[in-house]
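Dear colleague,

I am passing on the structure we spoke about, and my notes on it follow directly below the coordinates. Please read them with the model open beside you.

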Amino acid sequence: MADLRLITHASELLTGQGVRAREGRHVTDDDLGRIEDGAVVYSVKGRGRLGEIPGRIEWVGPTRDLPKRYLKLRARNLRLKQAVVPGLVDCHTHLVFAGDRSEEFALRCAGASYEDIAARGGGILATVRATREASAQELLELASRRVNEAWGYGVRTLEVKSGYGLDWETEKKCLEVVRLLARRFPEVAFRSTFLGAHAYPKDRSREEYLRELLEQMLPEVARKKLAQACDVFVDDGYFTREEARRLLGRARDLGLQTKIHADELGDTGSASLAAELGCLSADHLLQISEEGIRALACSETVAVLLPGTAFYLKARHAPARALLAAGARVALSTDFNPGTSMTLHLPAVLTTAALYLGMSRAELFAAVTYNAARALGLHDRQGTLEPGQDARIWVLPFSRFEESYYRFAWAPAAGAR
Ligand code: NIG
Ligand code: FE
């Protein structure tokens, strides 16, 4: 029998019930499922290094309605000072890498563009060199510190992409590190995504690398169950739409879910491709066209927006309002990576989205809970606080959800849960 836990007197508890009912589209404040002075009963399967290993939500409602059968449980009384929301889902990160690109940041601050730096052998390929040299143990330690940090910001589910290997040995090493992370932190849900198609390596021809991806790496990823999804970076100088079509078709045939880094640096029509292929998500979308917006809105594909990246690149933000008005499902994520978004602070990403994408409280909430879970295919079990769902819970250090993004880039107190 799993252990039961009880939290009472949450200043506000947002279940997100209505967000699920609307399947993440056109959400409003009424969909937050806001309960004042809320309580939740849930089971746990033990304790990990950072927090409890979640079981299921048993009951949720106003504290005064707590069923008698739970009264004997020892309560964690939040004294109306702390809010409770579903654990946040960071659905797009490049968490596993080594090396330091702070010099590049200085160059960008002095006016160099991301593309200029990449053309000089920096950018993704700089991180590839460092990641190839690092041992699995070094990568695991670096990534563990990052998981620890993300936990403090309320993140309970993390997607992690490979893509800093660009050879099988290193891609495999990085995906295995994600597996080790999942063992080390059973309280966090991990999803891994194979992004071998992140850039073309310098040590082989394009044809050779593409063939290797299609014929060796993808089948091995699927056979060894090293990732649940496959992603492709479609952009000028990276992969073409046609290459993505081939790679993702193969991935799907092998039983993997699919995703695209779409329309980030230029409009390549890749958001439309994601919709056409039935990808779980199309991510970035800084340069998405009207047609791309319409295509996503009419599809099941989640539009994953990464405003931290636009901020960091000093680029135009994604047209979030147009996507939302058209009826697209919008998720938000950090895109944590050493080149274009060196932050794990998902609530700070919400600040950016509130200010520069014009997203409402309900839209922000849905974007890091249900819709982000949906971008990972996990929405059956995650993203809302409802009986039967995974007990992934964030007890905020604030009395209202809004405060998590109104306060810009706050630091969690030491030892905070
Ligand atoms: O999501 N767009 C491609 N990949 C990353 C950047 C990776 C890097 O610069 O290291 C991104 O922005
Ligand atoms: Fe990315």
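In this predicted model, helix H4, which spans residues 124–133, has as its buried residues Ile124, Leu125, Ala126, Thr127, Val128 and Thr131. The cover over these buried residues includes four helices, namely H2 (102–109), H3 (114–119), H5 (136–152) and H6 (168–184), together with strand S9 (229–233).

Turning to the metal site, the iron ion (ligand 2) is coordinated at 2.1 to 2.2 Å by the NE2 atoms of His92, His94 and His261 and by Asp335 through OD, and along the sequence these donor residues follow the spacing H-x1-H-x166-H-x73-D. Because His92 sits in the loop between strand S6 (88–90) and H2, while Asp335 sits in the loop between strand S13 (330–332) and helix H13 (346–357), the pair ties together parts that are 243 residues apart in sequence. Both His92 and Asp335 are buried.

As for the hydrophobic interior, the largest nonpolar core comprises 108 residues, and those with the most contacts inside it are Phe239, Leu285, Leu323, Leu332 and Met359. Helix H7 (residues 206–223) gives the most to this core, contributing 7 residues, and the core draws at least three residues from each of domain 1 (4–86 + 384–406) and domain 2 (88–374). If residues up to four places away in sequence are left out, Met359 touches Ala320, Arg321, Leu324, Val330, Leu332, Ala353, Ala354, Leu364 and Ala367. There is also a second, separate core of 15 residues, which includes Ile35, Tyr42, Leu78 and Val84.

With best regards

Notes. Residues are numbered from 1 along each chain as its sequence is written. Chains are lettered from A and ligands numbered from 1 in the order in which they are written. This is a predicted model: local features need pLDDT of at least 70, side-chain atom pairs count only at pLDDT 80 or more; totals for chains, interfaces and linings use all residues. Side-chain values use heavy atoms; hydrogens and water are left out. Buried means under 20% relative accessible area, exposed over 50%, partly exposed in between (1.4 Å probe, protein chains only). Helices (H or I, at least four residues) and strands (E, at least two) are DSSP runs, numbered from the N terminus. Contact means heavy atoms within 4.5 Å. Donors are N, O and S atoms within 2.8 Å of the metal (3.2 Å for Na, K and Ca); water is not among the atoms, so sites may look incomplete. A nonpolar core is a set of buried Ala, Val, Leu, Ile, Met, Phe, Trp, Tyr and Cys residues joined through side-chain atoms within 4.5 Å. Domain bounds come from an automatic or database domain assignment.
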